[in-house]
Amino acid sequence: MLKAKIKSQVETIEKLFAKVEERRAPQSSAEWESLAFRLHNLYCAFEDLFKIVADAFENQIEEKTRYHAELLKRMAMEIEGVRPALLSSETVRLLDNLRSFRHFFRWAYTSDLDTRKLRLVLEDALSLKDRYRHDVSVFMRRLFESSTTKQKEGK
């Protein structure tokens with residue numbers, strides 16, 4: 001079931017990456033806003049992936065004021081005997097920039113988008129694509145190799 005949930009969420013992330021890439025060269029303020037909305041949604045989809053992993057292996061995050069940052073941070077942690085790390089530290093760094101942007105976008109009702117900053121967020125988001133694919137692939141391989149080994153050992 002976990003494998004199917006992760007696969008489904010990765011498909012959602014891939015669809016959002018395609019939409020971000022379609023909007024990667026905005027010309028008007030409406031196109032910039034559309035790009036910002038897609039980047040916001042992209043991080044939300046990543047966070048849903050993190051929740052799938054956290055719900056399968058971990059207890060709840062106690063510190064609710066830092067929930068989003070803590071959830072991301074946990075994805076870089078290997079929990080010995082429980083699960084491998086989902087993400088590399090470089091992927092977490094790039095995702096943290098996207099998380100920060102998502103927070104700004106969600107709460108900055110009266111602020112205008114700064115296209116210079118949005119270009120940096122876009123650059124980070126696009127460089128995430130291959131990194132996250134690799135990280136998820138390694139996670140799945142390690143996770144299911146260890147569960148197969150445990151089954152063979154009778155654990």
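A residue is taken as buried when its relative accessible area is under 20%. In the predicted model described here, Leu16 has a relative accessible area of 12% and is therefore buried. Leu16 belongs to helix 1. Apart from neighbours within four places in sequence, Leu16 is in contact with Arg38, Asn41, Leu42 and Ala45. The C-alpha atom of Leu16 is separated by 10.0 Å from that of His40, which lies 24 residues away along the chain.

Asn41, one of the residues in contact with Leu16, is placed in helix 2. The relative accessible area of Asn41 is 17%, so this residue also falls under the 20% limit and counts as buried. Between Asn41 and Phe17 the C-alpha separation is 9.7 Å, with their positions 24 residues apart in sequence taken as the distance apart.

The chain as a whole contains five helices and zero strands, and the order of elements from the N terminus is α-α-α-α-α. Of the 155 residues in the chain, 39% are buried. Where contacts join residues at least 6 apart in sequence, 70% of them link residues at least 24 apart. The exposed area of the chain is about 9400 Å², and 50% of this area is supplied by carbon and sulfur atoms.

The largest nonpolar core comprises 41 residues, and within this core Ile6 and Phe50 touch the most other members. Two or more residues are given to this core by each of helix 1 (2-22), helix 2 (29-57), helix 3 (67-74), helix 4 and helix 5 (115-153). The most is given by helix 2, which contributes 13 residues. With residues up to four places away in sequence not counted, Ile6 touches Leu49, Ile52 and Val53, as well as Val136, Phe139 and Met140.

Helix 4 covers residues 89-107 and has 19 residues. From its first C-alpha to its last, helix 4 reaches 27 Å, close to the 27 Å expected at 1.5 Å a residue. The buried residues of helix 4 are Thr91, Val92, Leu94, Leu95, Leu98, Arg99, Phe101 and Arg102; this set includes two arginines, Arg99 and Arg102.

Seven aromatic pairs are present in the structure. In one of them, Phe101 and Phe104, the ring centres are 6.4 Å apart and the planes meet at 40°, so the pair is tilted. The angle is neither under 30 degrees, as stacking would require, nor over 60, as an edge-to-face arrangement would require. Phe101 and Phe104 are three residues apart in helix 4 and are therefore separated by about one helical turn. An α-helix has 3.6 residues a turn, so residues three or four places apart point the same way. The accessibility of the two residues was also computed: Phe101 is buried, with a relative accessible area of 8%, whereas Phe104 counts as partly exposed at 33%.

Further aromatic residues are grouped elsewhere in the chain. One aromatic cluster is formed by Phe17, Tyr43, Phe46, Phe50 and Tyr132. Of these, Phe50 is also named with Ile6 for touching the most other members of the largest nonpolar core, and Phe17 is the residue whose C-alpha lies 9.7 Å from that of Asn41. A charged residue is also placed against a ring: Lys3 lies over the face of Phe144, at 5.4 Å from the ring centre.

Note on methods
Residues are numbered from 1 along each chain as its sequence is written. This is a predicted model: local features need pLDDT of at least 70, side-chain atom pairs count only at pLDDT 80 or more; totals for chains, interfaces and linings use all residues. Side-chain values use heavy atoms; hydrogens and water are left out. Helices (H or I, at least four residues) and strands (E, at least two) are DSSP runs, numbered from the N terminus. The expected span of a helix is 1.5 Å times one less than its number of residues. Buried means under 20% relative accessible area, exposed over 50%, partly exposed in between (1.4 Å probe, protein chains only). A nonpolar core is a set of buried Ala, Val, Leu, Ile, Met, Phe, Trp, Tyr and Cys residues joined through side-chain atoms within 4.5 Å. Contact means heavy atoms within 4.5 Å. Accessible areas come from the Shrake-Rupley method with a 1.4 Å probe; for residues, only the protein chains shown count as cover. Rings of Phe, Tyr and Trp (its six-membered ring) pair if their centres lie within 6.5 Å; planes under 30 degrees apart count as stacked, over 60 as edge-to-face and the rest as tilted. A charge sits over a ring if NZ of Lys or CZ of Arg is within 6 Å of the ring centre and within 35 degrees of the ring normal.
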